[in-house]
Amino acid sequence: MSASSDRMSPQERRVGASLASIFALRMLGLFLILPVFSLYAKDVPGGDNLTLVGFALGAYGLTQAVFQIPYGIASDYWGRKPVIIAGLLLFAFGSFVAAWAPDLHWVIVGRVLQGAGAISAAVTALAADLTREEHRTKVMAMIGSSIGLVFALSLVGAPLLYGWIGMGGLFVLTGVLALAAIVLLLKAVPVVPRPHGHLRLPLRRVLADRDLLRLNLGIFTLHLIQMAMFVVLPHALVSHGGLAPAAHWQVYLPAVLVSFAVMVPAIIAAERRDKMRPIFLAAVGLLCVVQCGLYLAGGSLWTLGLWLLLFFVAFNVLEATLPSLVSRTAPPEAKGAALGVYNTTQACGLFLGGTLGGYLAQHFGDNAVFSVCAGLALLWLLVAASMNFPSRRPATVAASNLQE
């Protein structure tokens, strides 16, 4: 393998940066509400019901689950960019509805409409179209890291922004950023290869693939745990850590930044040294340890900070590696469909995580959330241990997919 084949081309770097930015702008719609909504819901009519608050957090994932597969299949037939633009327009419309919302029920309507702009499958399929296999994990890592970075920024900035512009202003901001993402897509993303729509592949073949099923279970579990945790963690930082909401960034920001420093060498080892299996399984195992730690020893600010740091390490590694594994496992003519199924299960995790977290916290307390999440992470670890991990193959450059 030549030295140049081991480096990303200028186009691949451009693709990674552009699509990561598009993904990040849209994910603000999910994350900006996450760290503040359970604390400030009491100021919204209907917000005194924790179960309904959890549903509002997870409602975004409900229509994501419905539309991810159709969007992914549509992108295989009609191209990635038209599908992404349509999804971003619908997402922006939902943001403006939520901004106008006079009560929690209308916020839920807006979140449902936001989720209907289900572009995740089309974006990740586009990233796979425009990158070589040996660099795909790096590009997916760029996208995954952008999600983690936006998550960190939202954790830091959301309480401050809420104080300045209110919840309506947060939703207006996310709608405007979604429209900006359309401009970025049209101006910065390179020419797209022709879709594989002329090759018909039964969806049942994608649904029945055992390794894809294991990966789908993984992303479902990861985002269920993420949403369920953040129904109760803001309260825990206040009640156990003695930290005012506006100061939560003092825990979140260092945890996320240190987790990035740990994630980068882990991704490099997984990609260049063919260590995907041990690193992936270690990250899933760490996710389980974090939930057990929060259950057993999450009663102080320092311990909460430690478990959050370890959670972000596991989350960022898994967020980067899971879509890459899906794109390498799926048949080439059905990458969009496979990533649609994958993102559907992700959206189901978001929806059920918020709803289940709110229900458990209201009826059984915070520790019930952590114990259920620990059990789910352990189940994922047992399933992932039997998965086939694709090995890194020598570089094969599809010239038609690259604009050097």
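# Close-up views of an all-helix-pattern model

**View 1. Glu271 in helix α10.** Glu271 is found in helix α10, which covers residues 249-272; helices here are DSSP runs of H or I with at least four residues, strands are runs of E with at least two, and numbering starts at the N terminus. The model shown is predicted, so to speak a calculated one: local features need pLDDT of at least 70, side-chain atom pairs count only at pLDDT 80 or more, and totals for chains, interfaces and linings use all residues. Residues are numbered from 1 along each chain as its sequence is written, and side-chain values use heavy atoms, with hydrogens and water left out. Is Glu271 buried or exposed? Glu271 is buried because its relative accessible area is 3%, where buried means under 20%, exposed over 50% and partly exposed in between (1.4 Å probe, protein chains only). Look next for Thr321: Glu271 and Thr321 are 50 residues apart in sequence, and their C-alpha atoms are 9.5 Å apart in space.

**View 2. The whole protein, for orientation.** Before going further in, take a moment with the overall fold. The protein has 14 helices and zero strands, and reading along the sequence gives the pattern α-α-α-α-α-α-α-α-α-α-α-α-α-α. Of its 404 residues, 60% are buried. Among contacts (heavy atoms within 4.5 Å) with a separation of 6 or more, 87% are between residues 24 or more positions apart.

**View 3. Phe312 and Asn316 in helix α12.** Two residues of one helix share this frame: Phe312 has its place in α12, and Asn316 lies in α12 as well. Phe312 counts as buried because its relative accessibility is 2%. Which residues does Phe312 touch, not counting those up to four places away in sequence? Phe312 touches Phe151, Leu155, Phe230, Tyr252, Ala255, Val256 and Ser259. One of these, Tyr252, is 60 residues from Phe312 along the chain, with 9.4 Å separating the two C-alpha atoms. Now shift to Asn316, which counts as buried because its relative accessibility is 1%. The side chain of Asn316 is joined to that of Ser259 by a polar contact of 2.9 Å; such a contact is a pair of N or O atoms within 3.5 Å, where, within protein, one must be able to donate a hydrogen and the other to accept it, and residues adjacent in sequence count only if both atoms are side-chain atoms. Ser259 thus appears in the view as a contact of Phe312 and as the polar partner of Asn316.

**View 4. Ile225 in helix α9.** Ile225 lies in α9, residues 210-239. With a relative accessible area of 0%, Ile225 is buried. Leaving out residues up to four places away in sequence, Ile225 touches Leu287, Gln291, Phe311, Cys373 and Ala377. Ala374 can be found here too: 149 residues separate Ile225 and Ala374 along the chain, while their C-alpha atoms are 8.6 Å apart.

**View 5. Two cysteines.** Cys373, a contact of Ile225, counts as buried because its relative accessibility is 1%. Cys348 is partly exposed, at 27% relative accessible area. How many disulfides does the structure hold? There are zero disulfides, a disulfide being a pair of cysteine sulfur atoms within 2.5 Å.

**View 6. Thr355 in helix α13.** Thr355 lies in α13, which runs over residues 335-364. A polar atom of the Thr355 side chain lies 3.0 Å from the backbone oxygen of Phe351. Neighbours within four places in sequence aside, Thr355 is in contact with Gly54 and Phe55.

**View 7. Helix α6.** Helix α6 is mostly covered, with 10 of its 10 residues buried. Among them are Ser120, Thr124, Leu126 and Asp129. Keep an eye on Thr124, one of the residues nearest the centre of the largest cavity.

Notes:
On a 1 Å grid over the protein atoms alone, a cavity is a set of points where a 1.4 Å probe fits but cannot get out, and a pocket is an open set with protein on both sides within 12 Å along at least five of seven lines; lining residues have an atom within 4 Å of a point.
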